[in-house]
Amino acid sequence: MAQPLIQPLRPQSAGTQVIANSGHDDMIHDAVLDYYGRRLATCSSDRTIKVFEIEGETQRLTETLKGHEGAVWCVSWAHPKYGNILASAGYDGKVLIWREMNGAWQRIFDFALHKASVNVVSWSPHEAGCLLACASSDGNVSVLEFKDNSWEHAIFHAHGLGVNSVSWAPATSPGSIVSSKPGPKSTGNRRFVTGGSDNTLKIWSFDSAANAYKLEREPLTGHSDWVRDVAWSPTVLQKSYIASASQDRTVRIWTSDPANPLQWNCKVLNFDAAVWRVSWSLSGNVLAVSGGDNKVTLWKENLKGEWELVKTIEE
């Protein structure tokens, strides 16, 4: 029997869409709107991905994509400048890239070099290129890049006990849009943060001379259990913000000033249950937190630099 989908969408959505009959035959793990909010992709333990057209309060199932050999954990839309492209990741260790052309969906690339479940896939800001970061339980991160009409990849070891999450930094450095003298790397940055089962966060940046992603600084430590999710705020106005959610029942909010981008300070938010996911608003100033207590809480930084609870949503 198909299970109902009643789930907040990540992270492109502005609100919540409810689908009474998803058509999936098992648990749904992800539900994501495209850039324009006109299409919804869902994925499930039933090994399928479903694409819906969204028109106001109504939804119409337009496609069921099959190709994974296990539960599909994550789906992610590329920026529309690259076309109607969808990436999916699953328990089978595969990353699949799908593209719609002339109303028909095709699988255009399979990436199967990971040796364990791929937990999350995340597209970079479009200014940095057509890049897809993939986090796997085998401890490795891969970055797929589409250029010259082909897919290239880099794969490297990131966390000893598995990688649970990955999130890209904004392509523009904080403060550069208000500076009269932007630096040579003020836009098109290729940086991302990963969270792992070794309880740490790691920040990676692309070294063009070595043509490789390298650890930018020592790992960010403080969590006492698995880091389940990380989210880099899209804001580029003043500071850089990274939120991390952990099995240890805390969220840590890390901040870095443009004057010293390798120095990260941390504020801790405590919860009553393990925290599963963190997600920033499109403006980057409101943080949504969800966890094992079936609550979603919204947090905002006040003028004193402290984080305040502004809303609690319970289902």
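# Exercises on a predicted all-strand chain

At 36% relative accessibility, isoleucine 155 counts as partly exposed. The model is a predicted one, and the exercises below work through single residues, then cores, cavities and confidence.

## Exercise 1. Isoleucine 155

Task: place isoleucine 155 in the fold and list its contacts beyond four places in sequence.

Solution.
- Step 1. Find the element: isoleucine 155 is part of strand β14.
- Step 2. Assign the class. Buried requires under 20% relative accessible area and exposed over 50%. Isoleucine 155 has 36%, so it is partly exposed.
- Step 3. List the contacts. With neighbours within four places set aside, isoleucine 155 touches Leu113, His114, Asn140, Val141 and Ser142.
- Step 4. Compare sequence and space for one partner. Histidine 114 is 41 residues away along the chain, and the two C-alpha atoms are 8.9 Å apart.

## Exercise 2. Serine 256

Task: is serine 256 buried or exposed, and which residues does it contact?

Solution.
- Step 1. Serine 256 belongs to strand β21, which covers residues 250-256.
- Step 2. The relative accessibility of serine 256 is 3%, so this serine counts as buried.
- Step 3. Outside the four nearest places in sequence, serine 256 contacts Lys239, Ser240, Pro261, Leu262, Gln263 and Trp264.
- Step 4. For a distance, take glutamine 238: it lies 18 residues from serine 256 in sequence, with 9.1 Å between the C-alpha atoms.

## Exercise 3. Positive phi in two loops

Task: for arginine 47 and asparagine 149, give phi, location and exposure.

Solution.
- Step 1. Read phi. Arginine 47 has a phi near 75 degrees, which is positive in a residue other than glycine. Asparagine 149, also not a glycine, has a positive phi of about 60 degrees.
- Step 2. Locate each residue. Arginine 47 sits in the loop between β4 (39-44) and β5 (48-55). Asparagine 149 sits in the loop between β13 and β14.
- Step 3. Assign exposure. Arginine 47 has a relative accessible area of 45% and is therefore partly exposed. Asparagine 149 is at 72%, so it counts as exposed.

## Exercise 4. The nonpolar cores

Task: describe the largest nonpolar core, its most connected members and the elements that supply it.

Solution.
- Step 1. The largest nonpolar core has 31 residues; Val95, Ile97, Val121, Trp123, Leu132 and Phe192 touch the most other members.
- Step 2. Two or more residues of this core come from each of β8 (84-90), β9 (95-101), β11 (118-123), β12 (131-136), β13 (140-147), β14 (150-157) and β15 (163-168).
- Step 3. Strand β12 gives the largest share of this core, 5 residues.
- Step 4. Another core lies apart from this one; it has 15 residues, including Ala231, Val275, Leu287 and Val289.
- Step 5. Return to one well-connected member. Isoleucine 97 touches Ile85, Leu86, Ala87, Gln106, Arg107, Ile108, Phe109, Trp123, Leu132 and Trp151, leaving out residues up to four places away.

## Exercise 5. The cavities

Task: how many cavities of 30 Å³ or more does the structure hold, and what lines them?

Solution.
- Step 1. The search of the whole structure gives 2 such cavities.
- Step 2. The largest cavity has a volume of about 50 Å³. Its lining is made up of Phe271, Ala273, Ala274, Val275, Val289, Ser290, Gly291, Asp293, Lys295 and Thr297.
- Step 3. Strands β24 (286-291) and β25 (295-301) each give two or more residues to the lining of the largest cavity, with the largest share, 3 residues, coming from β24.
- Step 4. Sorted by class, the lining of the largest cavity has 5 nonpolar, 3 polar and 2 charged residues.
- Step 5. The second largest cavity has a volume of about 30 Å³. Ala169, Pro170, Thr172, Ser173, Pro174, Asn189, Arg191, Trp232 and Ser240 line the second largest cavity.
- Step 6. The classes in the lining of the second largest cavity are 4 nonpolar, 4 polar and 1 charged.

## Exercise 6. The whole chain and its confidence

Task: summarise the chain and find where the pLDDT is below 50.

Solution.
- Step 1. Count elements: the chain has 0 helices and 26 strands.
- Step 2. Of its 315 residues, 50% are buried.
- Step 3. Among contacts with a separation of 6 or more, 43% join residues 24 or more positions apart.
- Step 4. The average pLDDT is 90, and 89% of the residues score at least 70.
- Step 5. Residues 1-16 have a pLDDT below 50, and this stretch makes 47 contacts in the model beyond near neighbours in sequence. Residues 178-186 also have a pLDDT below 50, with 7 contacts beyond near neighbours.

Key. Residues numbered from 1 in each chain as written. Predicted model: local features only at pLDDT ≥ 70, side-chain atom pairs only at ≥ 80, totals over all residues. Heavy atoms only, no water. Core = buried A, V, L, I, M, F, W, Y, C linked by side-chain atoms within 4.5 Å. Buried < 20%, exposed > 50% of the residue type's maximum accessible area, 1.4 Å probe, protein only. Helix = DSSP H or I, 4+ residues; strand = E, 2+ residues; numbered from the N terminus. Contact = heavy atoms within 4.5 Å. pLDDT = per-residue confidence, 0-100. 1 Å grid on protein atoms, 1.4 Å probe; cavity = no way out; pocket = protein on both sides within 12 Å on 5 of 7 lines; lining within 4 Å. Points joined across faces, edges and corners; volume = space filled by probe spheres on them. Nonpolar A, V, L, I, M, F, W, Y, C, P; charged D, E, K, R; others polar.
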